[in-house]
Amino acid sequence: MHLNRHKELATNLSVQLAPKHKSGLLLANPVMTASGTFGYGTEYSHLFDIQRLGAIVCKGTTLEPREGNPQPRLAETACGVLNSIGMQNIGADALVKEKAPIWAGWRVPVIVNIAGEAVDDYAQLASKLDGVAGISAIEVNIGCPNLKAGGIEFGSEPGLAAEVTAAVKRATSLPVLVKLTPHTSDIAGTAVSVAEAGADAISAINTIKGIAIDITRRRPLLGNITGGLSGPAIKPVALWMVYEVAGAVEIPVIGCGGIVAASDAIEFIMAGASAIQVGTAGFTNPRAHLDVLEGIEQFMKKEGIEDIAELIGAAR
Ligand SMILES: Cc1cc2nc3c(=O)[nH]c(=O)nc-3n(C[C@H](O)[C@H](O)[C@H](O)COP(=O)(O)O)c2cc1C
């Protein structure tokens with residue numbers, strides 16, 4: 001009998017994002033959507049097989065429905081986009097009633113991104129989402145202004161970031177991902193505080209604040225004056241922050257910021273990210289997420305890598 005010694009290499013792309021959590025958060029592959037850029041997932045299911053993704057992160061959700069900021073809310077910049085959506089969303093109750101039942105029938109895990117103006121908002125949101133079929137984890141956006149502290153972002157101050165994390169952990173049995181804001185002088189210190197407060201994983205980074213001015217009107221271009229910068233323009237900053245965070249904590253890190261192609265994603269993974277999120281790239285290439293996924297797989301085959309774990313932190 002002739003044995004075929006050149007059998008096809010099996011590639012394992014699966015990643016565990018909540019290894020310390022009792023039920024865990026196992027993804028079939030490391031490619032996720034970035035919050036606010038993929039709606040509730042349902043809007044994109046006709047474009048491609050979204051079940052092939054590692055996870056879907058839905059848009060930022062608040063306790064009450066929100067109309068969002070005045071128009072215009074989007075401005076194109078060199079290699080990026082400024083947005084000031086202002087958390088337009090249907091609110092937690094409608095999400096639980098209308099969206100979660102759809103997600104419950106999906107194979108791909110859905111993670112709900114939450115936003116608040118006070119620590120208690122986050123805790124209330126986390127308890128509303130706890131035990132709801134169709135919701136696999138919570139991602140906490142700590143890049144929101146804390147109204148009680150004069151509008152400083154929760155994530156700009158390690159103590160506040162830890163307070164929000166602990167409050168969410170107490171209120172839910174779901175895995176908790178904490179999404180860091182780049183608006184801090186010590187991203188590694190914030191990551192350590194959040195990890196010590198019980199976060200199961202860290203996502204990094206959210207958008208970077210900026211403005212654009214319409215010179216004919218002599219006015220800021222965005223209705224809200226400031227917006228958050230995303231896209232390739234922020235990639236080197238995001239990559240550095242992920243590198244810093246992955247070097248400071250033991251829990252998994254999810255890289256985000258300017259990922260357009262598989263090579264960008266692999267850079268984040270080599271910097272120490274266990275998974276990655278694709279956001280702005282999907283606005284110009286609706287197939288961006290799958291291109292990234294297929295590109296990672298091709299890279300692994302080409303390099304003879306059987307398990308994605310071999311790539312995580314490989315550049316450190
Ligand atoms: C239009 C838009 C809306 C966003 N909304 C949210 C949100 O609701 N919650 C959140 O945590 N991040 C939000 N983000 C930030 C993204 O999830 C991501 O962190 C950021 O855009 C960087 O990734 P990218 O360069 O791949 O887009 C939003 C980004 C954009 C462009």
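This report walks through the overall build of the protein chain, its aromatic pairs and the surroundings of one buried threonine. The model is a predicted one, so please read every value below as computed from predicted coordinates.

**The chain as a whole**

Let us start with the fold. The protein chain has eight helices and 16 strands. Its radius of gyration is 19 Å, close to the 20 Å that the globule rule gives for 316 residues, so the chain is as compact as a globular protein of that length. Along the principal axes, the C-alpha atoms fill a box of roughly 75 × 50 × 40 Å.

Inside, 54% of the 316 residues count as buried. Among contacts with a separation of 6 or more, 69% are made by residues 24 or more positions apart. On the outside, the accessible surface comes to about 13,900 Å², and carbon and sulfur atoms account for 53% of that area. As for charge, the chain carries 25 positive and 31 negative charges, and the mean positions of the two sets are 3 Å apart.

**Aromatic pairs**

Now for the rings. A pair of aromatic rings is described by the distance of the centres and the angle of the planes. The structure holds three aromatic pairs, and two of them are set out here.

| Pair | Arrangement | Centre to centre | Angle between planes |
|---|---|---|---|
| F38 and Y44 | stacked | 4.3 Å | 15 degrees |
| Y122 and F154 | edge-to-face | 5.2 Å | 85 degrees |

What does the Y122 and F154 pair tie together? Y122 lies in helix α2 (residues 119-129), whereas F154 lies in the loop between β8 (137-141) and α3 (158-171), so the pair links parts that are 32 residues apart in sequence. Both Y122 and F154 are buried.

Is F38 buried or exposed? F38 counts as buried because its relative accessibility is 1%, and the cut-off for buried is under 20%. Its partner Y44 has a relative accessible area of 23%, so Y44 is partly exposed. F38 and Y44 also join F48 in one aromatic cluster.

**A look at T190**

Finally, T190 is a nice residue to find in the viewer. T190 sits in helix α4 (residues 187-196), and at 1% relative accessibility it counts as buried. Which residues does T190 contact, leaving aside its neighbours within four places in sequence? They are G155, P158, A161, L180 and T184. For a sense of distance, T190 and L63 are 127 residues apart in sequence, and their C-alpha atoms are 25 Å apart in space.

Note on methods: Residues numbered from 1 in each chain as written. Predicted model: local features only at pLDDT ≥ 70, side-chain atom pairs only at ≥ 80, totals over all residues. Heavy atoms only, no water. Helix = DSSP H or I, 4+ residues; strand = E, 2+ residues; numbered from the N terminus. Rg over C-alpha atoms; globule rule 2.2 N^0.38 Å. Buried < 20%, exposed > 50% of the residue type's maximum accessible area, 1.4 Å probe, protein only. Contact = heavy atoms within 4.5 Å. Areas by Shrake-Rupley, 256 points an atom, 1.4 Å probe, with all protein chains shown as cover. Lys, Arg positive; Asp, Glu negative; His and termini not counted. Charge placed at Lys NZ, Arg CZ, Asp CG, Glu CD. Phe/Tyr/Trp six-rings, centres within 6.5 Å; stacked < 30°, edge-to-face > 60°.
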